[in-house]
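Take a moment to look over the chain from one end to the other. We will walk through a few of its regions together, one stop at a time.

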Amino acid sequence: MGEVQDMMQTRAYGSWPSPIDAELAATHDGAPGYVGFVGGEAWWTEPRPTEGGRRALVRRLPDGAERSVLPPPWNVRSRVVEYGGRPWTGAEGPEGPLLVFANFADQRLYAYEPDAPDAAPRPLTPLGDIGGGLRWAEPVLRPDRGEVWCVLEEFTGPHPTDVRRVIAAVPLDGSAAEDRGAVRELSDGAHRFITGPRLSPDGTRAAWIGWDHPRMPWDGTDLVLADVRDDGTFAAARTFAGGPEESVAQVEWAPDGRLLFSSDRTGWWNLYRAVPDDAGSVRPLCPREEEFAGPLWQTGLTWFAPLDSGLIAVVHGKGATALGILDPETGEVVDAAGPWTEWASTVAAHGPRVLGVAASPRSAYEVVELDTGTGHARVVGACHDDPVDPTYYPEPQIRTFAGPAGRTVHAHIYPPHHPGHVAPDEELPPYVVWAHGGPTGRSPLVLDLAIAYFTSRGIGVAEVNYGGSTGYGRAYRDRLREQWGIVDVEDCAAVALALADEGTADRARLAIRGGSAGGWTTAVSLATTDVYACGTIIYPVLDLAAFASGETHDLESRYLESIVGPLDEVPGRYAERSPLEHAEGVTVPFLLLQGLDDVVCPPAQCERFLAEMEGRGIPHAYIAFEGEGHGFRRADTMVRALEAELSLYAQVFGIDLAGPPPTLELAK
């Protein structure tokens, strides 16, 4: 041990040299998603930051090789509800796989047979000419009918809320590509928001989830059942479960024709089974104070998948997640063995095989297949390959802290870590609090090279799952009801100050950063507290009144009614909490990052905020990125953003960076 210590070099926190540069972090950003089986092959979508940020569709061939199904610039990604939904489906046909997918650039549905000679994607749907056009998600192939059934989002006017959503049937022969009239609408539009249809094993019933303003899907949803007539139309649609105070997040059919669904009626998203003709037959399958589902930010997310054997693959946990196999008769869950500690909200089954996406603090997200017959799990796609010596990875701690009024606050603490450097004994490290987006979301405990970019240089990171976060039950996420801008800000500050009080962090060198709702929390924290020496605000909400009055997309246009309060009832609260109204409270340097194509948190809010800051002498920088929307996806954007953020901390914290310092000019 003494020899190892002798080899260590002593340098100030933040100045340690690191092989994890911004380019490395950017090119390894993102996770596979929307897994599925086509025949016996595993398929999934995969981020490509170096290819303009597109999502590729990848298949695992029988010989184990991975192949991109479509070349650039094809981008398999839907814009339904702006955050998207499941963008593809596939089935094995007589000539090989038949794929139907949504292309991001024009939002049309396309059909493609990748194994057919000289095949090319052919459009199935027309272009929309009003507002946001026509968008499609959650396709379900019906080869027996020559159709694909899916969610149709149709804009009826120029405003973000001029929109309707129905379940629709699109002919596979391409006749609808020029004629909108060839699309058959199956549902009646009774709900403003819907998920795609799930068909019963005998094809006689369809089930889906719907909800309406002002509810968000984690507040309350309806599980809807309808009979499917011989001509493929729906009849006798009725609500089977759910309601204004019950969130049903997923519905599927068991092989025996019974319904399976997740509901938080007990305060936790648990799994239930029922006979579709008898609402009184609903029974919990595994009642636990754990989550078996999560927030439905995108349509087509899946946390469970029924197997032909009657067993059910489930993603479940409290604060973290595992993949398990649930026996619905006994309620027993047997978790898959392996190094993974976090499973994403995408799971699929084929025979005894289960496909999912998993990660850990030592590995990024990868596609994992579980053989339920043998219990063996293995990586089958997007395999994690250490781009640097893993001794540079952070060593996170799962911790809880005491917030105001003694409430528990969950956090992941990533201390500075370097295999060859330590700081002087008398020095305390700078720390950056990371506030996640949503705010109904969660920071998972997984390897993130953007975090390692800072910790390997000697800057600590604290991810705070503040009140309102998912993974800890409904009561925990309900802490944010009408308290956005208060509870989230207080919880982040409580963690930061606790780290300083216990001697883990330097009280004078605390920062905060976040994107989207996390950008809001960052901005409010800078405007209303004296905890932080600086902050990084990324595509934020800054003006509550404008956000609630048409300056965002339809899904979140009335979100603030639950987490702030109705604008017409508490208008003073909107002014009281908005950073735009309290820009004079920002007295420390900040960095503001924004995508110019963002329709969720538009750049106009940043511009108004900067106008309020003008002439006040507060050092700051604003970087706007062309071609980026809500969430950065391009490698060059992420490189610039990370380097600018590091430069901010270096300048404010007085850090002498190792190597050429990234450039960021702070104006006043």
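Which residue in S7 is the bridge partner of Glu92? That partner is Pro97. Before we look around this pair, please keep in mind that the model is predicted. The mean pLDDT of the protein chain is 96, and 99% of its residues reach 70 or more. Residues 1-5 are another matter: pLDDT stays under 50 there, and the model has zero contacts for them beyond four places in sequence.

Now back to our pair. Strand S7 covers residues 96-102, and six bridges join it to S6 in the antiparallel sense. These two strands belong to an open sheet of four, in the order S6-S7-S8-S9, with antiparallel pairing. At its edges lie strand S6 (88-93) and strand S9 (122-123), each of which pairs on one side only. If you wonder what holds such neighbours together, strands of a sheet pair through backbone hydrogen bonds, either parallel or antiparallel.

Next, step back along the chain to strand S4, residues 54-60. How many of the residues of S4 are buried? Seven of its seven residues are, so to speak, under cover. In a regular strand the side chains alternate between the two faces of the sheet. In S4, Arg54, Ala56, Val58 and Arg60 lie on one side, Arg55, Leu57 and Arg59 lie on the other, and all of them are buried.

S4 also has partners to meet. Strand S3 (residues 41-48) pairs with S4 in the antiparallel sense over six bridges, and Arg48 has Arg54 as its bridge partner in S4. Five residues lie between S3 and S4 in their hairpin, and Gly52 in the turn has a positive phi of about 75°. S4 runs antiparallel to strand S5 (residues 66-68) as well, joined by three bridges, and here Val58 stands opposite Ser68. The hairpin of S4 and S5 also has five residues between the strands, and in it Gly64 takes a positive phi near 95°.

Let us now compare two loop residues. Glu245 is found in the loop between strand S18 (234-242) and strand S19 (248-253). Is Glu245 buried or exposed? Its relative accessible area is 61%, which is over the 50% cut-off, so Glu245 counts as exposed. Even so, Glu245 touches Asp219, Gly220, Asp264 and Arg474, leaving out residues up to four places away in sequence. Our other loop residue, His436, sits between strand S34 (431-435) and helix H3 (449-455). Why does His436 count as buried? Because its relative accessibility is 8%, which is under the 20% cut-off. Beyond its neighbours within four places in sequence, His436 is in contact with several residues, including Arg442, Tyr466, Ala517 and Gly518.

His436 leads us to S34, where five of the five residues are buried. Tyr431, Val433 and Ala435 point one way from this strand, while Val432 and Trp434 point the other way. Five bridges join S34 to strand S35 (residues 460-465), and the two run parallel. In this pairing Tyr431 stands opposite Gly460. The chain gets from S34 to S35 through H3, and this β-α-β crossover is right-handed. S34 also pairs in the parallel sense with strand S36 (residues 510-516), again over five bridges, and Trp434 stands opposite Arg513 in S36.

Further along the chain comes helix H6, residues 517-528. Its twelve residues should span 16 Å at 1.5 Å a residue, and its end C-alpha atoms are 16 Å apart, so the two values agree. Eleven of the twelve residues of H6 are buried, among them Ala517, Trp520, Thr521 and Leu526.

Our last stop is the nonpolar interior. In soluble globular proteins, nonpolar side chains tend to be buried together. The largest nonpolar core here has 96 residues, and Phe261, Trp484, Tyr532 and Phe590 touch the most other members. Helix H5 (residues 487-501) gives this core its largest share, seven residues. Trp484 brings us back to H6, since its contacts include Ala517, Trp520 and Thr521. Apart from this core lies another, of 47 residues, among them Ala26, Ile459, Val461 and Leu642.

Terms used:
Residues numbered from 1 in each chain as written. Predicted model: local features only at pLDDT ≥ 70, side-chain atom pairs only at ≥ 80, totals over all residues. Heavy atoms only, no water. Pairing = 2+ DSSP bridges. Buried < 20%, exposed > 50% of the residue type's maximum accessible area, 1.4 Å probe, protein only. Contact = heavy atoms within 4.5 Å. pLDDT = per-residue confidence, 0-100. Expected span 1.5 Å × (residues − 1). Right-handed = clockwise from strand over helix to strand, strands pointing away. Core = buried A, V, L, I, M, F, W, Y, C linked by side-chain atoms within 4.5 Å.
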